[in-house]
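User: I am new to this protein. Please walk me through it with short questions and answers.

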Amino acid sequence: MANQSPVYSNARVRVMENTFLNQEKFNRLVYSESVDEAIRVLLESNYGGGTIAENGDYERILRAEEDKVSAFMAESMPADCGMESFLMKQDYHNAKALTKAKYMRLEDADFMLAPEGTVGISLLKECVNADTYTGLPALMAKAVSDIDLARANGDKSPRTIDVTLDKACYADILRVAKAGKQKTVISYWTACVDFANITTFIRSRKEGEELRNFRKAFIEGGEIPLSTYESVYDGSDEAVAEKFRYTSYGKIVYEAFSGEENAMVAFERAQDNYLLDIFKRDRTDIFSISPLAGFFVAKKQEIKVVRMILMCVKNHVDTTQIKARLRDYYA
């Protein structure tokens, strides 16, 4: 990975910002009559560097775009400022996918993988398949080893893999982010932990799970302590909304408990907008890492939204429903 100065990195970001899809392109995607028509919009925008989608396989284009933005981040980020944390998220996703593939006895798990982060995918495959983790980051190695032990003791639940690696992931990411001492990066990952816990809290309540199961899944490192969730776990939706009203995410949590038909859609949209806003405020500060971090987060979010739109177009979802899932524009 390169060690660029923030000024040089942000000069490159200003050029790369021209690759964002604008509102007109998004409208064309939403109102496409077919997946092929939507793919043409992406090709016109050089999405995925001109990668061709054979037989409507738009995932090839989206994966190429993901690879491109990850490579740009690896080439451009200054060292020792916590920027590696964004690529580490991909490492842990890949560790999770490969661990699940091992226990499912899948011969080819490449379709489940994210772009390469700070750990080579070939190394990850070798370590996971050989049950030898000394070449991996310490927290990741311990997590995968703990999963192996749990499986050996009879715990076959895929959720154990998710929870164990998610906890290790955020602990590792926060360690790197705090060492980098960049306020926006720390704020971003702290909020990501909180949103992960809030989402688990909402789902656990809806599925009628016991509080002890939520405690097992709770991730340390966020702004909101476990005690806040415990105090209203068995309470009414109104009590939950009131309790979270005094946190940084009061309005966003209210969306999830508003009783509206598409409450979770509104919650997810508000969550993504909140995370992007952390970097929007400083996106013109060429001496900080916020423009580069904001570009990466915005581009990953854009790809996620494009994927959602294409899935909806493929399944003939009403355009009103698609538009309700769009996020704020960064471009």
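Analyst: A surface patch is made of residues with over 30% relative accessible area and no salt bridge, and nonpolar side chains are joined within 5 Å. Note that this is a predicted model.

User: Which residues make a nonpolar surface patch of about 290 Å²?

Analyst: A patch residue needs over 30% relative accessible area. I286 is partly exposed, because its relative accessible area is 37%. The nonpolar patch of about 290 Å² is made by V7, I286 and F287.

User: Where is I286 placed?

Analyst: I286 belongs to the patch with V7 and F287. Its place is in the loop between α14 (263-280) and α15 (290-314).

User: Which helix gives the most to the largest nonpolar core?

Analyst: The largest nonpolar core has 81 residues. Among them, M83, F86, Y188, W189, I198, F201 and F244 touch the most other members. The helix that gives the most to this core, with 10 residues, is α9 (residues 183-206).

User: Which residues does I198 touch, not counting those up to four places away in sequence?

Analyst: I198 is one of the core residues that touch the most other members. With residues up to four places away in sequence left out, I198 touches I224, Y229, F244, Y249, V253 and F267.

User: How many residues are in the second, separate core?

Analyst: This core is separate, and it includes V41, L62, I309 and L310. Its count of residues is 24.

User: How many disulfides does a search of the whole structure find?

Analyst: A disulfide needs two cysteine sulfur atoms within 2.5 Å. For C192, the nearest cysteine sulfur is that of C169, 9.5 Å away, and C192 is in no disulfide. Over the whole structure, the number of disulfides found is zero.

User: Is C192 buried or exposed?

Analyst: Buried means under 20% relative accessible area. C192 has 10% relative accessibility, so C192 counts as buried.

User: Which residues is E66 in contact with, leaving aside neighbours within four places in sequence?

Analyst: E66 lies in helix α4 (residues 58-76). At 14% relative accessibility, E66 counts as buried. Beyond its neighbours within four places in sequence, E66 is in contact with P115, I303 and R307.

User: What separates the C-alpha atoms of N129 and A101?

Analyst: N129 has its place in helix α6 (residues 121-130). N129 counts as exposed, because its relative accessibility is 56%. N129 and A101 are 28 residues apart along the chain, and their C-alpha atoms are separated by 9.4 Å.

Methods. Residues are numbered from 1 along each chain as its sequence is written. This is a predicted model: local features need pLDDT of at least 70, side-chain atom pairs count only at pLDDT 80 or more; totals for chains, interfaces and linings use all residues. Side-chain values use heavy atoms; hydrogens and water are left out. Helices (H or I, at least four residues) and strands (E, at least two) are DSSP runs, numbered from the N terminus. Buried means under 20% relative accessible area, exposed over 50%, partly exposed in between (1.4 Å probe, protein chains only). Patches are made of residues with over 30% relative accessible area and no salt bridge: like charges are joined within 9 Å, nonpolar side chains (Val, Leu, Ile, Met, Phe, Trp, Tyr) within 5 Å. Accessible areas come from the Shrake-Rupley method with a 1.4 Å probe; for residues, only the protein chains shown count as cover. A salt bridge is a side-chain nitrogen of Lys or Arg within 4 Å of a carboxyl oxygen of Asp or Glu. A nonpolar core is a set of buried Ala, Val, Leu, Ile, Met, Phe, Trp, Tyr and Cys residues joined through side-chain atoms within 4.5 Å. Contact means heavy atoms within 4.5 Å.
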